[in-house]
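The exercises below are meant to be worked through with the sequence and the coordinates at hand. Each task is followed by a solution that goes step by step.

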Amino acid sequence: MSLKKSVVLFATALLLVSCSSKPPKSLVTPLPPVTKQPLPATNKNSQPVRGVWLATVSRLDWPPVNSVNVSSADTRIRMQQQALVEKLDKLKNLGINTIFFQVKPDGTALWPSKILPWSDVLTGTIGQDPGYDPLQFVLDEAHKRGMKVHAWFNPYRVSVNTQPATIAALNRTLSLPPASVFVLHRDWIRTAGDRLVLDPGIPDVRDWITSSVAEVVTHYPVDGVQFDDYFYTETPGSQLNDNQTFQQYGKGFSSKADWRRNNTLLLIEQVSRTIKQLKPGVEFGVSPAGVWRNRSFDAAGSDTRGAAAYDESFADTRRWVQQGLLDYIAPQIYWPFSRSAARYDVLAKWWADVVKPTHTRLYIGIALYKVGEPSKMEPDWMVNGGVPELKKQLDLNESLPQINGTILFREDYLNRPQTQQAVNYLRERWGE
């Protein structure tokens, strides 16, 4: 069966929502939850999330870069699995209870997918079978240690660059089962932010992304699914050209910006509904940029002056919470208390107010990668190894009942010399 047919059948079988230009009503909870509702007792009493993002894109956290250069497949597998086990042991010792494991770093997969080719981060070659199932391995090892695993997807990214060697590697997948979406659906592909990306305005693209999520949820005992903040990912010098897509699908929208926001809403709604149909116990969350909108643009926004998800990536993240589409939201609040343009406490409290009348849980993503790093704009990260700033952020998280956990970005920074004072502090605070 061709990939296209299998995806269509998968989508049909799951009764995926049809796409229309009219903004849809919530399919998950009644709209809108405007009065304060208590969180379910299970959420109140459950252990707060103490999480970490484990990135596989460009082998940032895992697998080890040198593992793909060994000549023996057995040695490579052993190196990769041993490295992951060692990381999980360290994380367990630190008190981490949830791993956000990147299973789809781009247009490739870290599980034996019928939709996406194998990721080149495992072997150095897109589509090459690594000889084991990394997702199943991390699930087995984490669950053995009492830790949860959320499958982290980058929904729209196809590649991390547009270099000729990358294009050639994608083209070589044409003979593989499955081939890359880049060669099967060239009409879906755009360039933005100097990367190859999928066009979020095409309904078939949203079906394809949803099918990849459904494949994981169906076949693996994941505890959750998370999308990161890459929705529309333009840069001033590399904008996404979706004028033709807007002409085709944007009828009824007064502006391209509103149409784009509806496209991201449609994806979130479709994925949310699909997960709930397949396995209601699997959590669905998003980790967006920390600022929804600035108050200078919108009275409902935060008292900040930062890049806003609503305006920059066309993700109306506040609306997704209000409509009950997410089990949790994990905004990336990567600034210290002293950063006046985007104060940590201002944003954490703003998000706490957003989730208060809903059933959506709130986890805060914090900037472990800045700890111990010299910065003229944010010198607090250098004071006493960053411990006082980290303590203030964690204290605030624990003082607000609406905040249900903290996620560190990202795992490899736990192993850096500049973070060791902070790591020791975390171990004393969280460790078992």
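A residue counts as buried under 20% relative accessible area, as exposed over 50%, and as partly exposed in between. The model to which this scale is applied here is a predicted one.

**Exercise 1. The chain as a whole**

Task: State how many helices and strands the chain has, and what percentage of its residues is buried.

Solution: Begin with the secondary structure, which comes to 15 helices and 10 strands. Then turn to accessibility: of the 432 residues in the chain, 58% are buried. Finally, take the contacts between residues at least 6 apart in sequence, and note that 74% of these join residues at least 24 apart.

**Exercise 2. Two tilted ring pairs**

Task: Describe the geometry of the aromatic pair formed by Phe246 and Trp259, and classify each of these two residues as buried, partly exposed or exposed.

Solution: A search of the whole structure finds 21 aromatic pairs. In the pair of Phe246 and Trp259, the centres are 5.1 Å apart and the planes make an angle of 50°, an arrangement that is tilted. The pair links distant parts of the chain, since Phe246 belongs to helix 9 (residues 243-249) and Trp259 to helix 10 (residues 256-278), with their positions 13 residues apart in sequence. Phe246 has a relative accessibility of 21% and therefore counts as partly exposed, whereas Trp259, at 1%, counts as buried.

A second pair can be treated in the same manner. The ring centres of Tyr328 and Tyr363 are 4.9 Å apart and the planes stand at 35°, so this pair is tilted. Because Tyr328 lies in strand 8 (residues 328-329) and Tyr363 in strand 9 (residues 361-366), the pair ties together parts that are 35 residues apart in sequence. Tyr328 is buried, at 0% relative accessibility, and Tyr363 is buried as well, at 3%.

**Exercise 3. A ring cluster and charges over rings**

Task: Name the residues that ring pairs link into a cluster together with Tyr328 and Tyr363, and find which residue lies over the face of Tyr413.

Solution: The cluster linked by ring pairs consists of Trp53, Phe100, Tyr328, Tyr334, Tyr363, Tyr369, Phe409 and Tyr413. Over the face of Tyr413, at 4.2 Å from the ring centre, lies Arg416. Another such arrangement involves Arg186, which lies over the face of Phe182 at 4.0 Å from the ring centre.

**Exercise 4. Surroundings of three buried residues**

Task: For Ser212, Gln102 and Leu170, give the secondary structure element and the contacts beyond four places in sequence.

Solution: Ser212 is part of helix 8 (residues 203-219), and its relative accessibility of 0% makes it count as buried. Its contacts beyond four places in sequence are Lys104, Trp111, Ile115, Leu116 and Phe153.

Gln102 belongs to strand 2 (residues 98-104) and is buried, at 1% relative accessibility. With the same exclusion of sequence neighbours, Gln102 touches Leu54, Ala55, Thr56, Val57, Leu110, Trp152, Arg157 and Asp228. Gln102 and Leu135 are 33 residues apart in sequence, and their C-alpha atoms are 9.2 Å apart.

Leu170, in helix 6 (residues 164-171), has a relative accessible area of 3% and is therefore buried. Its contacts beyond four places are Ile126, Ser159, Ser180, Phe182, Val183 and Leu196; Phe182 has already appeared as the ring under Arg186.

**Exercise 5. Backbone details in the loops**

Task: Locate the cis peptide bonds that precede Pro63 and Pro178, and give the phi value of Ser58.

Solution: The bond from Trp62 to Pro63 is cis, with omega near -5°, and Pro63 is placed in the loop between strand 1 (49-54) and helix 3 (73-94). Pro177 and Pro178 are likewise joined by a cis peptide bond, with omega about -5°, and Pro178 sits in the loop between helix 6 and helix 7 (181-184).

Ser58, which is not a glycine, has a positive phi of about 55° and lies in the loop between strand 1 and helix 3. With a relative accessible area of 49%, Ser58 is partly exposed.

**Exercise 6. The second largest pocket**

Task: Give the volume of the second largest pocket and the make-up of its lining by class.

Solution: The second largest pocket holds about 590 Å³ of space. Its lining has 27 residues, of which Asp229, Ala289, Ala307, Glu312 and Ser313 lie nearest the centre. By class, the lining comprises 14 nonpolar, seven polar and six charged residues. Helix 11 (residues 309-312) supplies the largest share, three residues.

Note on methods: Residues are numbered from 1 along each chain as its sequence is written. This is a predicted model: local features need pLDDT of at least 70, side-chain atom pairs count only at pLDDT 80 or more; totals for chains, interfaces and linings use all residues. Side-chain values use heavy atoms; hydrogens and water are left out. On a 1 Å grid over the protein atoms alone, a cavity is a set of points where a 1.4 Å probe fits but cannot get out, and a pocket is an open set with protein on both sides within 12 Å along at least five of seven lines; lining residues have an atom within 4 Å of a point. Grid points are joined across faces, edges and corners, and a volume is the space filled by probe spheres set on the points. Helices (H or I, at least four residues) and strands (E, at least two) are DSSP runs, numbered from the N terminus. Ala, Val, Leu, Ile, Met, Phe, Trp, Tyr, Cys and Pro count as nonpolar, Asp, Glu, Lys and Arg as charged, and the others, Gly among them, as polar. Rings of Phe, Tyr and Trp (its six-membered ring) pair if their centres lie within 6.5 Å; planes under 30 degrees apart count as stacked, over 60 as edge-to-face and the rest as tilted. Buried means under 20% relative accessible area, exposed over 50%, partly exposed in between (1.4 Å probe, protein chains only). A charge sits over a ring if NZ of Lys or CZ of Arg is within 6 Å of the ring centre and within 35 degrees of the ring normal. Contact means heavy atoms within 4.5 Å.
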